[in-house]
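This report describes how the secondary-structure elements of one molecular model are arranged and what surrounds its ligand. The sequence and the structure are shown first.

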Amino acid sequence: MTGPAIVATGVTRTYELDGVSVPALRGVSLTVADGDYLAVVGTSGSGKSTLMHLLGGLDRPTGGTLVIGGRDVTSLSAPELARLRNEVIGFVFQSFHLLPRTTARDNVALPLVYRGVGRRERRARAAALLERVGLGHRIDHRPNQLSGGEQQRVAIARALVTGPSVLLADEPTGNLDSATGEAVLSLLESLHADGVAIVLVTHDSEVAARAHRRIVMRDGLIVDPAPTPGGDR
Ligand SMILES: Nc1ncnc2c1ncn2[C@@H]1O[C@H](COP(=O)(O)OP(=O)(O)OP(=O)(O)O)[C@@H](O)[C@H]1O
Ligand SMILES: [Mg+2]
């Protein structure tokens, strides 16, 4: 891949709800470089999750330009965007989004199904990732047989199984006690040391302070650092 992993330029996202327009993002410019470690902070409703969904190719902007892995998302069909997402991005949701009646191993292996990886290889790779996040002894447990921190680590393993260059994590420590949150954060930092770019949303100033850079959102805009005349960050 050449160029930065993700480049957003003047990106807007307006939700239409019952005839009312909700401008969740009002013109955001942001570059996620290879090897970045970026924290996104801001009050509730400021547009952080909306931005993360866009950066992850889970949603499309209503205006501006968004380039993921060198591809302009507006030029891609839905299946093309899904393939790009599967190749470049790992996404960790705040509420885990694990399949409830499915073992940790099969949850982690799922993104490989869409890649056409064979079952044996999928199981081996999923087990290796669960080992990496310290859950080698829990591969056959279902989510309701795991603690919150363990479920979060399964979600991280699932995001990593495809070998993404960017990991996007929306409040990865939000539901965890401080010790478990610390374990999840150390895990993210070891991935960063291996070259994975990390973008995380957090309400915790200590977590944000550990990132190498930080953006603050308010009312659908990045207010800190202040935009430069060219709009780049
Ligand atoms: N699907 C949707 N339809 C309509 N409005 C939405 C939708 N999703 C989000 N919004 C609105 O867009 C704004 C930004 O929401 P977003 O979820 O990005 O905020 P956030 O910064 O992640 O907040 P939090 O810290 O509470 O998670 C909010 O005003 C929200 O009500
Ligand atoms: Mg949110």
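The text below takes up the two sheets, then the helix packing, and then the ligand shell.

This is a predicted model, in which local features need pLDDT of at least 70 and side-chain atom pairs count only at pLDDT 80 or more, while totals for chains, interfaces and linings use all residues. Residues are numbered from 1 along each chain as its sequence is written, and chains are lettered from A and ligands numbered from 1 in the order in which they are written.

**The four-stranded sheet**

Four strands form an open sheet with antiparallel pairing, in the order E2-E1-E4-E5; helices (H or I, at least four residues) and strands (E, at least two) are DSSP runs numbered from the N terminus, and two strands count as paired if DSSP finds at least two bridges between them. Its edges are E2 and strand E5 (71–72), each of which pairs on one side only. The pairings that build this sheet, together with the parallel one between E3 and E8 in the other sheet, are listed below with an example of a residue pair for each.

| Strand pair | Sense | Bridges | Residue pair |
|---|---|---|---|
| E1 (residues 6–17) and E2 (residues 20–32) | antiparallel | 10 | Leu 17 and Val 20 |
| E1 and E4 (residues 63–68) | antiparallel | five | Thr 9 and Thr 65 |
| E4 and E5 | antiparallel | two | Ile 68 and Arg 71 |
| E3 (residues 37–42) and E8 (residues 197–201) | parallel | four | Val 40 and Val 201 |

Ile 6 of the E1–E2 pairing has Val 32 in E2 as its bridge partner. Two residues lie between the strands in the hairpin of E1 and E2, and Asp 18 there takes a positive phi near 50°. Helix H1 packs on this sheet, where it touches E1, E2 and E4, and its direction makes about 120° with that of E1; contact here requires that the C-beta atoms of two residues, placed from the backbone, lie within 7 Å, and axes are lines fitted to C-alpha atoms, for helices over the stretch in contact, with angles running from 0 to 180 degrees between N-to-C directions.

**The six-stranded sheet**

A further open sheet consists of six strands in the order E6-E7-E8-E3-E9-E10, with mixed pairing. Strand E6 (89–92) and strand E10 (221–224) are its edge strands, each pairing on one side only, and the twist averages 25° from one strand to the next. Helix H5 (residues 148–160) lies across E6 and strand E7 (166–170), running at about 165° to E6.

**Helix packing**

H5 also packs with helix H6 (residues 178–193), at an angle of about 15° and with the axes 10 Å apart. The two helices H5 and H6 are therefore roughly parallel to each other, given that angles under 35 degrees count as roughly parallel, over 145 as roughly antiparallel, 65 to 115 as roughly perpendicular and the rest as oblique. Their crossing is right-handed, the term used if the near helix is turned clockwise from the far one by less than a right angle, whereas an anticlockwise turn is left-handed. On the H5 side the contact is made by Gly 149, Gln 152, Arg 153, Ile 156 and Leu 160, and on the H6 side by Thr 180, Ala 183, Val 184, Leu 187 and Leu 191. By class, this contact of H5 with H6 has six nonpolar, three polar and one charged residues, where Ala, Val, Leu, Ile, Met, Phe, Trp, Tyr, Cys and Pro count as nonpolar, Asp, Glu, Lys and Arg as charged, and the others, Gly among them, as polar.

Helix H3 (residues 104–113) and helix H4 (residues 119–132) pack at an angle of about 120°, with their axes 8 Å apart, and H3 and H4 are therefore oblique to each other. H3 passes H4 in a right-handed crossing. The residues of H3 that meet H4 include Val 108, Ala 109 and Leu 112, while those on the H4 side include Arg 122, Ala 126 and Leu 130. The residues of the contact of H3 with H4 divide into nine nonpolar, no polar and four charged.

**The shell around ligand 1**

Which residues are around ligand 1? The shell consists of Tyr 15, Leu 17, Val 22, Ala 24, Gly 42, Ser 44, Gly 45, Ser 46, Gly 47, Lys 48, Ser 49 and Thr 50, a residue being near a molecule if its C-beta atom, placed from the backbone, lies within 6 Å of it. E1, E2 and helix H1 (48–55) are the elements that give two or more residues to this shell, and H1 supplies the largest share, three residues. By class, the shell around ligand 1 has four nonpolar, seven polar and one charged residues.
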